[in-house]
Amino acid sequence: MGSYSTSEVLNAAAVGVHHPALRLNELDLKGSMSVEELPTTSGLENGHQAPFVIGVAGGASSGKSTVCKMIIDQLCDQRVVVVTQESFYYGLSDEEMVHVHDYNFDHPDAFDTDLLLSCMEKLKHGKAVDIPSYDFKTHKSVSCARKVNPSDVIILEGILLFHDSRVRDLMNMKIFVDTDADVRLTRRIRRDTIEKGRDIIAVLDQYSKFVKTAFEDFILPTKKYADIIIPRGADNSVAIDLIVQHIRTKLGQNDLCKIHPNLYVIQTTYQIRGMHTIIRDAATTTHDFIFYADRLIRLVVEHGLGHLPFREKQVITPTGSVYTGVDFSKSLCGISVIRSGESMENALRACCKGIKIGKILIHREGDDGKQLIYHNLPKDIAKRHVLLLDPILGTGNSAVQAISLLLEKRVQEANIIFLNLISAPQGVHVVSKRFPRVKIVTSEIELGLNDDFRVIPGMGEFGDRYFGTDDYQSSTPFFADDKNRVGLL
Ligand SMILES: Nc1ncnc2c1ncn2[C@@H]1O[C@H](COP(=O)(O)OP(=O)(O)O)[C@@H](O)[C@H]1O
Ligand SMILES: Nc1ccn([C@@H]2O[C@H](COP(=O)(O)O)[C@@H](O)[C@H]2O)c(=O)n1
Ligand SMILES: [Mg+2]
């Protein structure tokens, strides 16, 4: 395995793998980092779609705000907004103010989490909200709230954001900024004395009394919820670049991916569009159809394999050096949905040497749905990751039947990766609603289904076109093979 695509790296991170790219590069960052000054974003009240919510947690002074600022600067996109947890600090009463040095600002109870949840709820539903502004000098909210408009991406940032499961559940992506304790303390001393004008003894007292303990008791234990851990915070420009690319993809991609985090559409290129153009063209020869369908299927298969768990592995190279890489899971199998799914078997075999491939036949009987009449699956399928193969996801009925059978055979839902070339939104909704942990990997999202429940624009009967059994091909002399490809006259 030579190089990794961004999504593979992020996927590796998402399944808890330590990818080397997330541990690279040094960059010195200086300058003003105030997230509060960032502009609010364009609203989406009309035609609102749920935003992509990114949670950024980590110890105090770990560099969370700096990382968020870098992400926003790189995105140069008005559709991103940052909401900080510190805006939701409870204001101190007069009595608490008298004993402010005994107040624990690092405890989860210091925050009005219900207010944060209600603000986020409104933003998620396309409504603008007033986010309180907190003053670190008076320890109270100030009267001028910050108006935040709904946005495509909301970055939620704060020390204890992963503590409450209700807040975690809002997030589509969780990032933990992991910076050494001594660096955090040094930065805190500088920030609290210079920026907040506090006395150094008070800063150190607060650190040893509350900050350190709270980090160990409440913040560090939430690191396990992170999809991505960024060592060294803003110094890790490689990790930040990867995150930015991922967000860009999400922003540019079909909104289905926001609704269904289990859906992965491979990043398009002109090569991919070109191959789709050929296989969707009704005039394409069987020979060309097979060639380009195979190329596309291989891309989808490779992408799907990127969702399998990896383990770190070191090898010795011929130069005697150590290469730290990964070892990927070998306990997997392919299951093709007969007949068109069989067209994906060659690509799978080409990628996974000696892989076991089983089959499922779903027989259509009358109007009352589908009936399963045949299956041939590996005996130990329950222990395997399953790559389910069917080039077209249309209504989702066949996929539901096939996945139900796999679950009956005790395959773990999260161990199923459904690979297809094109997906209709209806099918994605049906499969995702029923099996939210099944990953769907596809190369393009379709417009929808027509009255006959056929995918449009689609590519016709895939099996017939791939196996050369469609009448149109054999009776169209202009397109008998690619050498004679002259176009329709
Ligand atoms: N990589 C870095 N190099 C140097 N200083 C940094 C770096 N990251 C953050 N800082 C500084 O450290 C302080 C705390 O960073 P900040 O991003 O506000 O942390 P957090 O939001 O996690 O409390 C700030 O004064 C910031 O300018
Ligand atoms: N009045 C306050 C409120 C909070 N703090 C400290 O701020 C830290 C959290 O903010 P970060 O930007 O560092 O994440 C936290 O450690 C609190 O102790 C404070 O000092 N005074
Ligand atoms: Mg901050």
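A polar contact is a pair of N or O atoms within 3.5 Å. Keep that cut-off at hand for the exercises below, which all concern a predicted model.

**Exercise 1. Get an overview of the protein.**
Task: find how many helices and strands the protein has, and what share of its residues count as buried.

Solution.
- Step 1. Start with the secondary structure, which comes to 16 helices and 21 strands.
- Step 2. Turn to burial: 49% of the 489 residues count as buried.
- Step 3. Look at the surface, where the protein exposes about 23700 Å², with carbon and sulfur atoms supplying 52% of it.
- Step 4. Finish with the contacts. Taking those with a separation of 6 or more, 71% are between residues 24 or more positions apart.

**Exercise 2. Explore the pocket of ligand 1.**
Task: find which residues are closest to ligand 1 and which polar contacts its oxygen atoms make with S62, G63 and T66.

Solution.
- Step 1. Collect the shell: ligand 1 is surrounded by 16 residues, and the closest are S61, K64, S65, T66 and D235.
- Step 2. Check the backbone. A polar backbone atom of S62 is 3.2 Å from an oxygen atom of ligand 1, and for G63 the corresponding distance is 2.9 Å. Both pairs pass the 3.5 Å cut-off.
- Step 3. Move to a side chain: T66 places a polar side-chain atom 2.4 Å from an oxygen atom of ligand 1.
- Step 4. Ask how much is covered. On its own, ligand 1 exposes 550 Å², and the protein buries 83% of that.
- Step 5. Assign the shell to elements: α2 (64-75) and α6 (181-195) are those that give two or more residues.
- Step 6. Sort by class, which gives four nonpolar, six polar and six charged residues.

**Exercise 3. Now do ligand 2, and meet H139.**
Task: describe the surroundings of ligand 2, then decide whether H139 is buried or exposed.

Solution.
- Step 1. Count the shell: there are 15 residues around ligand 2, the closest being K64, D106, H139, R188 and R198.
- Step 2. List side-chain distances. H139 has an N or O side-chain atom 2.7 Å from a nitrogen atom of ligand 2. For R188, an N or O side-chain atom is 2.8 Å from an oxygen atom of the ligand, and a polar side-chain atom of Q206 is 3.2 Å from an oxygen atom.
- Step 3. Work out the cover: of the 470 Å² of accessible area that ligand 2 has on its own, the protein covers 96%.
- Step 4. Sort the shell into six nonpolar, three polar and six charged residues.
- Step 5. Place H139 in the loop between β3 and β4 (140-148). H139 counts as buried because its relative accessibility is 9%, and the cut-off for buried is under 20%.
- Step 6. Inspect the backbone of H139: phi is positive, about 60 degrees, although the residue is not a glycine.

**Exercise 4. Trace the largest nonpolar core.**
Task: find which residues touch the most other members of the largest nonpolar core, and which element gives the most to it.

Solution.
- Step 1. Pick out M120, L156, L161 and V167, which touch the most other members among the 35 residues of this core.
- Step 2. Map the core onto elements. Two or more residues come from each of β1 (52-58), β2 (80-84), α4 (113-124), β3 (129-135), β5 (153-157) and α7 (200-219). The most come from α4, with five residues.
- Step 3. Follow L161. Beyond its neighbours within four places in sequence, L161 contacts V56, A57, Q85, L116, L156, V167, R168 and M171.
- Step 4. Look elsewhere for another core: it lies apart, has 34 residues, and V300, A347, L421 and M459 are among them.

**Exercise 5. Compare two loop residues.**
Task: decide for N236 and for T319 whether each is buried or exposed, and find their polar contacts.

Solution.
- Step 1. Locate N236 in the loop between β7 (228-231) and α8 (237-252), and T319 in the loop between β9 (310-316) and β10 (322-328).
- Step 2. Apply the cut-offs. N236 has 0% relative accessibility, so it counts as buried. T319 has 67%, so it counts as exposed.
- Step 3. Find the contacts. A polar side-chain atom of N236 lies 3.2 Å from the backbone oxygen of P231. The side chain of T319 makes a polar contact of 2.8 Å with that of T317 and one of 2.8 Å with that of S321.

Definitions and conventions. Residues are numbered from 1 along each chain as its sequence is written. Chains are lettered from A and ligands numbered from 1 in the order in which they are written. This is a predicted model: local features need pLDDT of at least 70, side-chain atom pairs count only at pLDDT 80 or more; totals for chains, interfaces and linings use all residues. Side-chain values use heavy atoms; hydrogens and water are left out. A nonpolar core is a set of buried Ala, Val, Leu, Ile, Met, Phe, Trp, Tyr and Cys residues joined through side-chain atoms within 4.5 Å. Buried means under 20% relative accessible area, exposed over 50%, partly exposed in between (1.4 Å probe, protein chains only). Helices (H or I, at least four residues) and strands (E, at least two) are DSSP runs, numbered from the N terminus. Contact means heavy atoms within 4.5 Å. A residue is near a molecule or strand if one of its heavy atoms lies within 4 Å of it. A polar contact is a pair of N or O atoms within 3.5 Å; within protein, one must be able to donate a hydrogen and the other to accept it, and residues adjacent in sequence count only if both atoms are side-chain atoms. Accessible areas come from the Shrake-Rupley method with a 1.4 Å probe; for residues, only the protein chains shown count as cover. Ala, Val, Leu, Ile, Met, Phe, Trp, Tyr, Cys and Pro count as nonpolar, Asp, Glu, Lys and Arg as charged, and the others, Gly among them, as polar.
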